[in-house]
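Here is a friendly walk through one protein model. Have a look at the sequence and the 3D view first, then read on.

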Amino acid sequence: SDDGKLSFDEFKAYFADGILSGEELHELFHTIDTHNTDNLDTEELCEYFSQHLGEYENVLSVLEDLNITILKAMDKTKKDYQEASNLEQFVTRFLLKETLNQLQSLQTSLECAMETTEEQTRQERQGPTKPEVLSVQWPGKRSARRLQRNNSLSPNSPHFNTGWIEEDSQWMTQINRLQKLIDRLEKKDLKLEPFEEEVLEENARSHIMIVQRQMSVVEEEVEEFRLALKQYVESASAQGGCLHVSIQKLPNDSRFIVYEFWENSNAWNSHLQMNYSKTFQRSNVDFLETPELITTMLVPGKY
């Protein structure tokens with residue numbers, strides 16, 4: 001709430017990773033709270049994590065230097081690009097693209113490491129742990145409602161509203177199939193084993209990235225959120241790597257579910273760096289009751 005400290009609810013909303021239980025998070029909170037004020041300040045957070053940085057102290061230091069270096073390069077590019085020759089502009093574009101590719105490669109490695117460590121921890125705990133549902137009281141806003149999962153939403157469901165965006169029945173069928181598959185995978189009652197070895201054609205599309213975004217909106221901000229979402233969807237749909245965007249609205253709890261289909265993970269990652277995507281993320285700080293829940297899944301392109 002920008003008061004310079006974290007309450008337990010704010011701490012839980014940021015640090016909950018779906019693995020630590022509520023009791024473990026509460027114990028961690030009080031371990032860090034050496035001043036015994038039931039609030040965490042910057043000094044306490046820095047003191048706690050600085051004791052556990054290890055090799056990541058060097059990593060974070062290099063990232064800080066990298067951030068400064070990139071910002072300086074961007075500033076110089078902004079000043080010099082327009083006056084540069086065609087060849088110099090080409091070289092600048094190439095270097096920007098190569099820098100982005102390198103950063104995305106690092107991001108992919110980090111994401112794989114995160115997924116591996118989380119899965120290892122879940123296996124050690126003998127089964128998947130459902131992420132704790134968070135309810136945070138933000139200043140000036142009403143208490144957040146808990147997110148409720150709807151296993152399969154169909155156009156015939158009484159909770160489904162398509163009044164403002166038309167849905168294609170074929171896509172809805174695919175979405176429902178994928179939703180059921182995700183639910184079964186989360187419950188761990190399905191084991192996937194290859195039926196036969198697939199040989200991809202040379203020019204075949206390998207995997208499609210499917211993204212599910214769940215956003216619980218403050219009731220007073222629904223109309224403003226609709227406008228921001230409409231602009232976001234129009235911009236995303238215009239991107240070359242975007243295959244389809246589908247939206248569902250649950251009117252009883254002001255929750256929106258957005259399904260995005262991208263040609264591959266690179267297209268999705270590039271989309272996240274676009275200005276319209278960042279603008280939508282910033283606006284959600286005011287529109288959403290709780291941080292949005294994003295789920296991604298890669299499926300074969302021939303699915």
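Is E44 buried or exposed, and which side chain of opposite charge is nearest? E44 is buried yet makes no salt bridge, and its nearest oppositely charged side chain, K5, is 10 Å away. Some terms first: buried means under 20% relative accessible area, exposed means over 50%, and partly exposed lies in between (1.4 Å probe, protein chains only). A salt bridge is a side-chain nitrogen of Lys or Arg within 4 Å of a carboxyl oxygen of Asp or Glu. For charge, Lys and Arg count as positive and Asp and Glu as negative, while His and the chain ends are not counted.

A word on what you are looking at: this is a predicted model, where local features need pLDDT of at least 70 and side-chain atom pairs count only at pLDDT 80 or more, while totals for chains, interfaces and linings use all residues. Residues are numbered from 1 along each chain as its sequence is written, and side-chain values use heavy atoms, with hydrogens and water left out.

**The whole chain**

The protein has nine helices and six strands. Helices (H or I, at least four residues) and strands (E, at least two) are DSSP runs, numbered from the N terminus. Of its 303 residues, 29% count as buried. Take the contacts (heavy atoms within 4.5 Å) between residues at least 6 apart in sequence: 69% of them join residues at least 24 apart.

**Around E44**

Back to E44, which sits in helix α3 (residues 42–50). Not counting neighbours within four places in sequence, E44 touches I32, D33, T34, H35, N36 and N39. One of these, N36, lies in the loop between α2 (22–32) and β2 (40–41), and N36 is exposed at 65% relative accessible area. D38 is in the loop between α2 and β2 too.

Most residues other than glycine have a negative phi. N36, however, has a positive phi near 55°, and D38 has a positive one near 60°.

In the UniProt record, an unreviewed entry, the annotation "domain: EF-hand" covers residues 20–55. UniProt positions are given in the numbering used here, feature names are shortened, and annotations may be inferred rather than shown by experiment. Over residues 20–55 the chain is 56% helix and 6% strand, with its end C-alpha atoms 23 Å apart.

**The nonpolar core**

Now move along to the largest nonpolar core, which has 23 residues. Such a core is a set of buried Ala, Val, Leu, Ile, Met, Phe, Trp, Tyr and Cys residues joined through side-chain atoms within 4.5 Å. Which residues have the most contacts inside this core? They are F225, L229, F256, W262 and F280. Two or more residues apiece come from β3 (207–216), α7 (222–237), β4 (242–250), β5 (255–262), α8 (265–272) and α9 (275–287). The largest share, seven residues, belongs to α7.

**Strand β3 and its partners**

Why is β3 largely enclosed by the rest of the structure? Nine of its 10 residues are buried, so the rest of the structure largely encloses β3. Strands pair if DSSP finds at least two bridges between them. β3 pairs with strand β6 (residues 293–300) in the antiparallel sense over eight bridges, and H207 stands opposite P300 in β6. β3 and β5 are also paired in the antiparallel sense, over eight bridges; here M215 has F256 as its bridge partner in β5.

**Salt bridges**

Side chains of opposite charge can pair when their charged atoms come close. The structure holds six salt bridges, and the table lists some of them.

| Salt bridge | Closest N to O distance |
|---|---|
| D80 and K76 | 2.8 Å |
| R213 and E292 | 2.9 Å |
| E234 and K230 | 2.6 Å |

R213 is in strand β3 and E292 in the loop between α9 and β6, so this pair ties together parts that are 79 residues apart in sequence. Both R213 and E292 are buried. R213, E260 and E292 are linked in a network of salt bridges.

D80 and K76 share helix α4 (residues 56–80), four residues apart, or about one turn of the helix. D80 is partly exposed at 36% relative accessible area, and K76 is exposed at 54%.

In helix α7, E234 and K230 are likewise four residues apart, about one turn of the helix. E234 is partly exposed at 45%, and K230 is partly exposed at 44%.
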